[in-house]
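Student: Could you give me a close look at one pocket in this model? I'd like to know what lines it and how it relates to the rest of the chain.

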Amino acid sequence: MTHLVGVEAVLPEHRYDQREITDVLARVMRADRRTEVLLRKVHGSAGVDSRHLALPLSRYGTLDDFGAANDEFLSAAVELGTVAVAGALERAGLVPQEVDVFVSTTVTGLAVPSVESRIAARLGMREDVVRVPLMGLGCMAGAAGTARVHDLLAGRPDGVAVLVSAELCSLTVQRDDVSTANLVASGLFGDGVAAVVAVGPEHPAAGTAGTPAVIASRSRTYPGTEGTMGWDVRSTGLRIVLGVEVPELVRSHVGRDVAAFLAEHDLRIEDVGWWVCHPGGPKVIDSMVEALGVDADDLALTTESLRTVGNLSSASVLHILRDTLDRRPPEPGSYGVMMAMGPGFSLELVLLRA
């Protein structure tokens with residue numbers, strides 16, 4: 001088993017109420033009356049009260065092209081990512097020089113050398129640290145990254161791995177795109193970074209009290225859904241693709257696939273004591289509750305995360321994992337499921353045990 005011995009969640013310092021963000025976006029997008037009415041409607045129904053942004057609101061109107069936005073992404077992702085990784089290592093009682101494998105994930109900016117390479121240099125990690133940048137998994141990458149760390153540590157049972165997720169969604173909002181998808185995204189997504197430190201079963205830190213273990217994972221992609229979620233890459237940047245069919249896909253598939261995954265480990269949905277689920281949006285959360293047949297309170301931390309910080313793409317499940325450990329500590333020996341959906345349309349499941 002892989003043991004998650006340190007989890008750190010970091011938010012940018014710039015925090016705004018949803019209404020403030022809506023007012024500024026209406027001006028930045030030069031919205032006509034019809035567009036502004038729709039913008040305010042979708043923002044008001046997003047289930048989001050406030051969000052943290054990589055930049056002060058006044059700066060977004062000055063980002064003239066993809067290059068300018070990506071430069072800001074790179075600067076903030078490395079800065080916040082360094083804080084997150086250092087914090088997760090401190091929680092684990094480890095130092096950067098002990099890290100053997102370093103995985104990064106993002107879908108909101110491009111960096112070559114990649115984000116984890118730059119963070120490793122800042123923190124003074126070893127020159128032989130194995131780096132694995134992940135790109136394109138979207139919102140499910142926090143769960144998928146945790147699963148891939150588990151896979152990588154299977155070959156290093158005494159090793160240390162770090163996952164960092166850096167998602168600065170605000171820098172992808174398109175000022176000239178008045179599609180419903182872009183308006184929804186501009187009201188739903190926030191900025192955040194998170195890091196997880198994991199160790200293999202033979203590492204001295206394995207089994208530390210209060211740290212969950214990864215038992216298994218499962219990936220699932222649904223054929224014919226490539227156009228459901230993702231990006232269209234344009235000269236102005238990353239233009240959101242967000243289909244209205246996502247909640248229905250959740251209702252149709254997720255419950256069955258979670259049940260099948262658990263059955264392989266002689267478990268049922270009723271045996272799961274705690275859920276770490278990506279927030280998506282209000283309709284997606286409702287669909288997950290329905291598909292899983294659980295109470296809304298079982299996903300209360302997911303709903304609250306959406307309300308207080310927005311959808312942080314891949315970083316969300318890691319923020320919710322930190323919230324779970326802090327505010328609803330699982331009973332020792334209880335099972336949990338980390339779950340997130342992403343482009344493809346795809347699903348990533350991670351079975352955890354406290």
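Tutor: What follows starts with a pocket and then works outward through the chain.

Ground rules, quickly. This is a predicted model, where local features need pLDDT of at least 70 and side-chain atom pairs count only at pLDDT 80 or more, while totals for chains, interfaces and linings use all residues. Residues are numbered from 1 along each chain as its sequence is written, and side-chain values use heavy atoms, with hydrogens and water left out.

Let's take the second largest pocket, with a volume of about 320 Å³. A pocket here is an open set of points on a 1 Å grid over the protein atoms alone, where a 1.4 Å probe fits and protein lies on both sides within 12 Å along at least five of seven lines; points join across faces, edges and corners, and the volume is the space filled by probe spheres set on them. Lining residues (an atom within 4 Å of a point) number 20 for this pocket, and Ala209, Gly210, Thr211, Pro212 and Leu325 are the closest to its centre. Strand E1 (2-10), helix H3 (66-92) and helix H10 (316-327) are the elements that give two or more residues to that lining; helices (H or I, at least four residues) and strands (E, at least two) are DSSP runs numbered from the N terminus. E1 makes the largest share, with five residues. Sorted by class, the lining comes out as twelve nonpolar, six polar and two charged residues (Ala, Val, Leu, Ile, Met, Phe, Trp, Tyr, Cys and Pro are nonpolar, Asp, Glu, Lys and Arg charged, and the others, Gly among them, polar).

Now, where does this pocket sit? It lies between domain 1 (2-199) and domain 2 (213-353), because both give residues to its lining; the bounds come from an automatic or database domain assignment. Taken over C-alpha atoms, the centres of domain 1 and domain 2 are 17 Å apart. Domain 1 puts 56 residues into the contact and domain 2 puts in 45, with contact meaning heavy atoms within 4.5 Å.

UniProt has its own division, from an unreviewed entry: "Chalcone/stilbene synthase N-terminal" is placed at residues 10-197, and "Chalcone/stilbene synthase C-terminal" at residues 220-353. Its positions use the numbering here, feature names are shortened, and annotations may be inferred rather than shown by experiment. The 10-197 span is 43% helix and 20% strand, and its end C-alpha atoms lie 15 Å apart. Residues 220-353 run to 38% helix and 31% strand, with the end C-alpha atoms 21 Å apart.

The same unreviewed UniProt entry type also marks Cys139 as "active site". Cys139 sits in the loop between strand E5 (130-135) and helix H5 (141-153). With a relative accessible area of 11%, Cys139 is buried (under 20%; exposed is over 50%, partly exposed in between, using a 1.4 Å probe and protein chains only). Setting aside neighbours within four places in sequence, Cys139 touches Phe189, His278, Asn311, Ser313, Ser314, Ala340, Met341 and Pro343.

Another loop residue to click on is Ser170, between strand E6 (160-168) and helix H6 (180-188). At 10% relative accessibility, Ser170 is buried too. Beyond four places in sequence, Ser170 has Leu53, Ala54, Tyr60 and Asp191 as contacts.

Finally, some backbone oddities. Most residues other than glycine have a negative phi, and most peptide bonds are trans. Val112 and Pro113 are joined by a cis peptide bond, with omega about 0°, and Pro113 is in the loop between strand E4 (101-106) and helix H4 (115-123). Gly344 and Phe345 are also joined in cis, at an omega of about -25°; Phe345 belongs to strand E13 (residues 344-353). Arg30 has a positive phi of about 50° without being a glycine, in the loop between helix H1 (18-28) and helix H2 (33-44), and is exposed at 72% relative accessibility. Asp266 likewise has a positive phi, near 60°, in the loop between helix H7 (246-263) and strand E11 (272-277), and at 73% Asp266 is exposed.
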